[in-house]
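Please open the model in your viewer and keep the selection tool at hand. The stops below are meant to be taken in order, each beginning with something to select.

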Amino acid sequence: MTDMNNANSGAGSSGGAAMRRAAIAIVIFLVLAALLFLFGPDDFYPWAKAIHVIAVISWMAGMLYLPRLLVYHADAEKGSVQSETFKVMERRLLRGIINPAMIITWVFGLWLAWKGFGFQGGWLHAKIAAVLGLSAAHGYLAGAVRKFAEDRNEKPARHWRIVNEIPTLLMIVIVVLVIVKPF
């Protein structure tokens, strides 16, 4: 048991260092974006669009991977080394990638919607509704990570396989709305 506690404490300390590095990277990123905006506001729009797309890709990568981890975690025995490893992976993915990427996606996406479109257009309203749906799925997954961390998951792996499809379907809707602008 001591070996497992040592492994978990080591994972926690390296996890803390990784979280600090991620936070520092995000702060540097946001400072650079602010400088771009302040010193070249006319040239900021394409940079904001690039930052938004990068954040969306990061958010979606996490949203597609996290439910997959939950599928495997649901089959792991509670308290096992495998289950404890999944807890660390899920927490780091959520806090280090998914949450910051979602925030950056929303901040830059809303700015782009205001600056580029004045919040006008049926396709834009539908896109924002779909992104709200994706954010709700994000919240559901965050709650699931909390339950798994407390060994309180009651859902079978099949449930998480179905949940895994929700971000994919929403992503397809969002991409079609942005590219095709059907209405």
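Select Ile-24, Val-27, Ile-28, Val-31, Leu-32, Leu-35, Phe-37, Leu-38 and Phe-39 in this predicted model, and you will have picked out a nonpolar surface patch of about 920 Å². Within that selection, centre the view on Val-31, which has its place in helix 1, residues 2-39, and which counts as partly exposed because its relative accessibility is 44%, between the limits of 20% and 50%. When you look along the helix, bear in mind that an α-helix has 3.6 residues a turn, so residues three or four places apart point the same way.

Move next to the loop between helix 2 (44-75) and helix 3 (81-117), and select Glu-77, which lies there. With a relative accessible area of 62%, Glu-77 is exposed, since the limit for that class is over 50%. If you add Trp-59 to the selection and draw a line from C-alpha to C-alpha, the two residues, 18 apart in sequence, turn out to be 29 Å apart in space.

The aromatic side chains come next; a pair of aromatic rings is described by the distance of the centres and the angle of the planes. The model holds 6 aromatic pairs. Select Tyr-45 and Trp-111 for a tilted example, with 6.1 Å from centre to centre and 40° between the planes. This pair links distant parts of the chain, as Tyr-45 belongs to helix 2 and Trp-111 to helix 3, 66 residues apart. Tyr-45 is partly exposed at 24% relative accessibility, whereas Trp-111, with a relative accessible area of 17%, is buried. Extend the selection to Phe-44 and Phe-108, and you will see that these residues form one aromatic cluster together with Tyr-45 and Trp-111.

Now select Phe-117 and Trp-123, whose ring centres are 5.1 Å apart and whose planes stand at 85°, so that the pair is edge-to-face, the class for angles over 60 degrees. Phe-117 counts as partly exposed, at 34% relative accessibility, while Trp-123 is buried, with a relative accessible area of 8%. Keep Trp-123 in view and add Lys-181, which lies over the face of the Trp-123 ring at 4.6 Å from its centre.

For the last stop, select helix 4, residues 122-149, whose 28 residues reach 41 Å from the first C-alpha to the last, close to the 40 Å expected at 1.5 Å a residue. Just after helix 4, select Asp-151 and inspect its backbone, where phi is positive, at about 55°.

Terms used. Residues numbered from 1 in each chain as written. Predicted model: local features only at pLDDT ≥ 70, side-chain atom pairs only at ≥ 80, totals over all residues. Heavy atoms only, no water. Helix = DSSP H or I, 4+ residues; strand = E, 2+ residues; numbered from the N terminus. Expected span 1.5 Å × (residues − 1). Buried < 20%, exposed > 50% of the residue type's maximum accessible area, 1.4 Å probe, protein only. Patch = residues over 30% accessible without salt bridge, like charges linked within 9 Å, V, L, I, M, F, W, Y side chains within 5 Å. Areas by Shrake-Rupley, 256 points an atom, 1.4 Å probe, with all protein chains shown as cover. Salt bridge = Lys/Arg side-chain N within 4 Å of Asp/Glu carboxyl O. Phe/Tyr/Trp six-rings, centres within 6.5 Å; stacked < 30°, edge-to-face > 60°. Lys NZ or Arg CZ within 6 Å of the ring centre and 35° of its normal.
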